[in-house]
Amino acid sequence: MARFAMVIDTKKCVGCMDCVVACKTENNVPEGYNRDWINYESIGKFPELNMEIRSERCNHCENPPCVSCCPTGASHVSELGGIVLVHHDLCTGCKACLASCPYDARFINPEGYADKCTFCSHRVEKGLKPACVSVCPTYCMYFGDLDDPQSEVSKLLAKRQYKTLIPEAGTKPHVYYLI
Ligand code: SF4
Ligand code: SF4
């Protein structure tokens, strides 16, 4: 099985929000909700201050608390490269997963189920990239298999410095930020 991951180059992101718009359109995300978003963080101390711009979403964690806490088995790690998904028909909307996610990546869809980024699994299973990756005008987002040493994501992680978000939570995120 592949282990899919996203690598995002914070040095190239300009915060244009094309990824956010592409996701909303591709996935029919309801009005007032988002599956991905842009975060701005000041890094360093004056006068050596930098603004880091990050496109954020579900991290498709290797150790996902949203899956272990789900009482119905709706939240699961899929066979499609470990992408974390929700079976809508099994979800009761209890919100346990929303409370367990350190990244605030989930919301309850107005139709009553837990919703979040799927890494565009419907596209990935056809060999396409997630919508956000495919529209980024600065080419700062990459998607691929961590277990393939020849994949773009593996090569980037081998040669660049990177970080994951809230590593102390122990979730082992599969979204990596090049810094
Ligand atoms: Fe679950 Fe949150 Fe990790 Fe996504 S980011 S897999 S919702 S814990
Ligand atoms: Fe599971 Fe749905 Fe409850 Fe989340 S809201 S823990 S997916 S039953």
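A residue counts as buried when its relative accessible area is under 20%. In this predicted model, Cys-120 comes in at 7% relative accessibility, so it goes down as buried. Cys-120 sits in the loop between strand 7 and helix 4, and its backbone is a bit out of the ordinary run for a residue other than glycine: phi is positive, at about 50°. Phe-119 shares that loop between strand 7 and helix 4. Phe-119, not a glycine either, has a positive phi too, of about 55°. With a relative accessible area of just 1%, Phe-119 is buried.

Phe-119 also turns up among the aromatic contacts, where ring pairs join it with Phe-4 and Phe-143 into a cluster. The aromatic pairs number four in total. In one of them, the ring centres of Phe-4 and Phe-143 are 5.2 Å apart and the planes meet at 25°, so this pair is stacked. Phe-4 belongs to strand 1 (residues 4-9) and Phe-143 to strand 8 (residues 141-145), so the contact ties together parts of the chain 139 residues apart in sequence. Both partners are tucked away: Phe-4 is buried at a relative accessible area of 16%, and Phe-143 is buried at 11%.

Another stacked pair is made by Tyr-33 and Phe-107, with ring centres 4.8 Å apart and planes at 20°. This pair, too, links distant parts of the chain, 74 residues apart: Tyr-33 is in the loop between helix 1 (18-27) and strand 2 (36-43), while Phe-107 is in strand 6 (residues 107-108). Here the two partners fall into separate accessibility classes. Tyr-33 is partly exposed, at 29%, whereas Phe-107 is buried, at 8%. Aromatic rings also meet charge in this model: the charged end of Arg-54 sits over the ring of Tyr-177, 5.9 Å from the ring centre.

Two ligands come with the chain. Around ligand 1 there are 13 residues, and the nearest are Cys-58, Asn-59, Cys-61, Cys-66 and Cys-101. By class, that shell splits into nine nonpolar, two polar and two charged residues. Ligand 2 is likewise surrounded by 13 residues, with Cys-70, Cys-91, Cys-94, Lys-95 and Cys-97 the closest. Its shell holds eight nonpolar residues, four polar ones and one charged.

As for open space, the largest pocket has a volume of about 150 Å³. It is lined by 13 residues, of which Arg-35, Leu-85, Val-86, His-88 and Thr-118 lie closest to the centre. Strand 5 (84-86), strand 7 (114-115) and helix 4 (121-124) each put at least two residues into the lining, and strand 5 gives the most, with three. The lining is a mixed bag, made up of five nonpolar, five polar and three charged residues.

A few other spots round out the picture. The peptide bond between Phe-46 and Pro-47 is cis, with omega at about 5°, and Pro-47 lies in the loop between strand 2 and strand 3 (50-57). Arg-3 is in the segment ahead of strand 1 and is partly exposed, at 27% relative accessibility. The C-alpha atoms of Arg-3 and Pro-102 are 21 Å apart, with their positions 99 residues apart along the chain.

Key: Residues are numbered from 1 along each chain as its sequence is written. Chains are lettered from A and ligands numbered from 1 in the order in which they are written. This is a predicted model: local features need pLDDT of at least 70, side-chain atom pairs count only at pLDDT 80 or more; totals for chains, interfaces and linings use all residues. Side-chain values use heavy atoms; hydrogens and water are left out. A residue is near a molecule or strand if one of its heavy atoms lies within 4 Å of it. Ala, Val, Leu, Ile, Met, Phe, Trp, Tyr, Cys and Pro count as nonpolar, Asp, Glu, Lys and Arg as charged, and the others, Gly among them, as polar. Rings of Phe, Tyr and Trp (its six-membered ring) pair if their centres lie within 6.5 Å; planes under 30 degrees apart count as stacked, over 60 as edge-to-face and the rest as tilted. Helices (H or I, at least four residues) and strands (E, at least two) are DSSP runs, numbered from the N terminus. Buried means under 20% relative accessible area, exposed over 50%, partly exposed in between (1.4 Å probe, protein chains only). A charge sits over a ring if NZ of Lys or CZ of Arg is within 6 Å of the ring centre and within 35 degrees of the ring normal. On a 1 Å grid over the protein atoms alone, a cavity is a set of points where a 1.4 Å probe fits but cannot get out, and a pocket is an open set with protein on both sides within 12 Å along at least five of seven lines; lining residues have an atom within 4 Å of a point. Grid points are joined across faces, edges and corners, and a volume is the space filled by probe spheres set on the points.
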